[in-house]
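Here is a friendly walk through one protein chain, one region at a time. Keep the structure open beside you as you read.

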2 protein chains.
Amino acid sequence: MRDKEKASRSDARSGEAHNASVDLIAVVVAVPNQGPSVLTVGQGSTLPSGPFELGHRSLQSGLRAWVEHQTGQQLGYIEQLYTFADSDRAGADSDRAGERHRQRVISISYLALTRAEHAADEARRAWRRWYDYFPWEDHRSGIPPIISEVLRPRLLAWADNAGLDPLKRERRRRAAFAFGLDGRDWNEELVLQRYELLYEAALIEEAMRGSEATASPPISGTAMTADHRRILATGVARLRSKIKYRPVVFELMPPVFTLLQLQRTVEALSGRLVHKPNFRRLIEQQDLVEETGETTADTVGRPAKLFRFRHAVLDERAVAGTKLPLSRT
Amino acid sequence: MRDKEKASRSDARSGEAHNASVDLIAVVVAVPNQGPSVLTVGQGSTLPSGPFELGHRSLQSGLRAWVEHQTGQQLGYIEQLYTFADSDRAGADSDRAGERHRQRVISISYLALTRAEHAADEARRAWRRWYDYFPWEDHRSGIPPIISEVLRPRLLAWADNAGLDPLKRERRRRAAFAFGLDGRDWNEELVLQRYELLYEAALIEEAMRGSEATASPPISGTAMTADHRRILATGVARLRSKIKYRPVVFELMPPVFTLLQLQRTVEALSGRLVHKPNFRRLIEQQDLVEETGETTADTVGRPAKLFRFRHAVLDERAVAGTKLPLSRT
DNA sequence: CCAAATTATACTCACTTAGAGCATAATTGG
DNA sequence: CCAATTATGCTCTAAGTGAGTATAATTTGG
């Protein structure tokens, strides 16, 4: 059977077979007190990454090795995000267009979750807050001003720039949908769509590279190397989606926590507030946690019970999972 | 900024950089009258695949080229499934263990959906029914006998083979959970978990390759080349999950269809029956379809209204999506 | 041409879940 | 002790889901 396969394969071959170099890129997330953060190198401009090498036992172990080597951070939970080839990257690196026939690069991106333990060699780890890269994504204290003051007018201008009328309407519709304009609901999962829309409208720095100085300055939000900010957006979107149906938040929590701490973490990730009583009801109904018997003593107010994650649920519900309430307010 | 990236990259490099060959593999699904099917080559033993080449503009276009070349089938909807490296493949190809230091292979797998139009050059396209590969996955006419008659006893025997008592219990629990034994609910999305469990228990042909003749024969279900059946299981699982929250079923439907045809397609994919009135309610409530104004004339019974998919929903609900009711019966 | 079979479609009902608000309890800091 | 703060429990309403029943419009067999 194997011989048959090989035969049919070489029959089918037509173009020149060739090799590619394979790059592994990590979006490593933690949620310390400063808010949800991503692990970076190079002054926050770059995600940890490196080539897949012969010495690596697997893609994931290669990723672990690179992240540990570059940042000293060990990884726990890892999941694959997306794989893309050079020319697959939407619009990025247009300045390289001339270089044909050079080596192809395949990039495999991953999302990793880790507990925020700011340890000894702090210097090498550069945790950067998500919302420095995406200031429009944090809606915990209401709709951020940047949306109505900057994004809305500039997106509308972009729409009006379109030649044909139906195209104008289409652009306006997309902008309104992605950013919850004109009274539409905000959908916190559309992180990638929003980034891509801003890229397409050439409002962010990455979209301006390679072309000459453009008319208007980029909007606020830290830019990153190559398409790393796009990959980060993919990771944020995936995580915001996933916490709703899988108990992954606990990968980001300390071993023992209060329900409010858990709630704050969910809110930080999703960028919106949740209804406290309903949140507790849902968590407890699903038996996701168990009391440790202890309570917090540290801060003001009534002491809260401490909980730990019931690791058994990982076995019980390989698929079913968590539900989290995200309210409108 | 690009220079900075390059510098930090080469600083970090430690092992030998090297190249890999990149393989593209497609799970192409259609739902003709015979039931949900996958496009194969080589007498149903192999999924269409081929190397990513310099001539390909992108990964997806490379995939399209290979599938069309090998089967004549054009692809519409495509999504990425998973990327893995050789040594990542769980246990597969153990007979190759001796060949160290050979070229690494990266495989990128995709799910493609297409309308089942059995066209002229039928000879080259080999559509095979899903449930020939996974006879335990079709629960439309009740729990298939293979589960209680073959799988349950052999999985229990495998569990008893474990040395320690807690390990035995763990294996029994996993088997019961995956296959809905002991009165547990059947979860149609666990396709991959079930395949992997059968692999681990060495009940299927793929798991026996490379080792000498084993005690017991493989259970029924067509085997495939290398780990292609595992990739197929991944695709089936993804699709069964996705039809519940995104309107992808319509990629598999003809331009015009009745609600019953739509329901039968969903049932065929998920391997279980749905409650007719509730199904219609949900589809119509969500405005997924619109009447064409025509009705069917062909068959017996009251003529059914014909519908078409409202393509506008793809814009309106980039994320929100479809809900489908899957009942117990 | 009628009756049975078949398919389509509309409606009802009980039960669960989700969103939102209110009430009470147990602390700390002056 | 009082005010502020946090924790925790409870209720109410609207919407959604699973399941069953009733009626309508055809074809097919006699």
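Which residues of helix H6 (residues 191-200) of chain A are buried? They are Val191(A), Arg194(A), Tyr195(A), Leu197(A), Leu198(A) and Tyr199(A). Please keep in mind throughout that this is a predicted model. The cover over the buried residues of H6(A) includes H5, helix H7 (205-208) and helix H8 (228-242) of chain A.

**Two alanines in loops**

Move just past the end of H6(A) and you reach Ala202(A), which takes a positive phi of about 55°. Ala202(A) has this positive phi although it is not a glycine, and its place is the loop between H6 and H7 of chain A. Is Ala202(A) buried or exposed? Ala202(A) has 19 C-beta neighbours inside 10 Å, so it counts as partly exposed; the cut-off for buried is 20 or more.

Another alanine to look at is Ala226(A), in the loop between H7 and H8 of chain A. Ala226(A) is not a glycine either, yet its phi is positive, at about 45°. Because 21 other C-beta atoms lie within 10 Å, Ala226(A) is buried.

**A pair of helices**

Next, turn to helix H4 (residues 145-161) and helix H5 (residues 165-179) of chain A, whose axes come within 8 Å and cross at roughly 155°. An angle over 145 degrees counts as roughly antiparallel, and H4(A) and H5(A) are therefore roughly antiparallel to each other. Their crossing is right-handed. On the H4(A) side, the contact is made by Ile147(A), Leu151(A), Leu155(A), Leu156(A), Trp158(A), Ala159(A) and Asp160(A). From H5(A) come Lys168(A), Arg171(A), Arg172(A), Ala175(A) and Phe179(A). Sorted by class, the contact of H4(A) with H5(A) holds eight nonpolar and four charged residues, with no polar ones.

**Strand S1 and its partners**

Now for the strands. How many of the 11 residues of strand S1 (residues 20-30) of chain A are buried? Nine of them are, which leaves S1(A) mostly covered. S1(A) pairs with several other strands of chain A, listed here with one bridge partner for each.

| Partner of S1(A) | Sense | Bridges | A bridge pair |
|---|---|---|---|
| S5(A), residues 104-113 | parallel | 10 bridges | Ile25(A) and Ser109(A) |
| S3(A), residues 49-51 | antiparallel | three bridges | Leu24(A) and Gly50(A) |
| S2(A), residues 37-40 | antiparallel | two bridges | Ala30(A) and Ser37(A) |

To follow the table in the structure, start at Ile25(A), whose bridge partner in S5(A) is Ser109(A). Then find Leu24(A), which has Gly50(A) of S3(A) as its bridge partner. At Ala30(A), the bridge partner is Ser37(A) in S2(A).

What do S1(A) and S2(A) form together? They make a hairpin, with six residues between the two strands. In the turn of this hairpin sits Gly35(A), which has a positive phi of about 115°.

**The whole chain**

Finally, step back to see the chain in full. Chain A has 11 helices and eight strands. Of its 329 residues, 36% count as buried. Among the contacts in chain A between residues at least 6 apart in sequence, 66% join residues at least 24 apart. The pairing of S1(A) with S5(A) over 10 bridges is a good place to begin your own look around.

Note on methods: Residues are numbered from 1 along each chain as its sequence is written. Chains are lettered from A and ligands numbered from 1 in the order in which they are written. This is a predicted model: local features need pLDDT of at least 70, side-chain atom pairs count only at pLDDT 80 or more; totals for chains, interfaces and linings use all residues. A residue is buried if 20 or more other C-beta atoms lie within 10 Å of its own, exposed if 12 or fewer, and partly exposed in between; C-beta atoms are placed from the backbone. Helices (H or I, at least four residues) and strands (E, at least two) are DSSP runs, numbered from the N terminus. Two strands pair if DSSP finds at least two bridges between them. Axes are lines fitted to C-alpha atoms, for helices over the stretch in contact, and angles run from 0 to 180 degrees between N-to-C directions. Angles under 35 degrees count as roughly parallel, over 145 as roughly antiparallel, 65 to 115 as roughly perpendicular and the rest as oblique. A crossing is left-handed if the near helix is turned anticlockwise from the far one by less than a right angle, and right-handed if clockwise. Two residues are in contact if their C-beta atoms, placed from the backbone, lie within 7 Å. Ala, Val, Leu, Ile, Met, Phe, Trp, Tyr, Cys and Pro count as nonpolar, Asp, Glu, Lys and Arg as charged, and the others, Gly among them, as polar.
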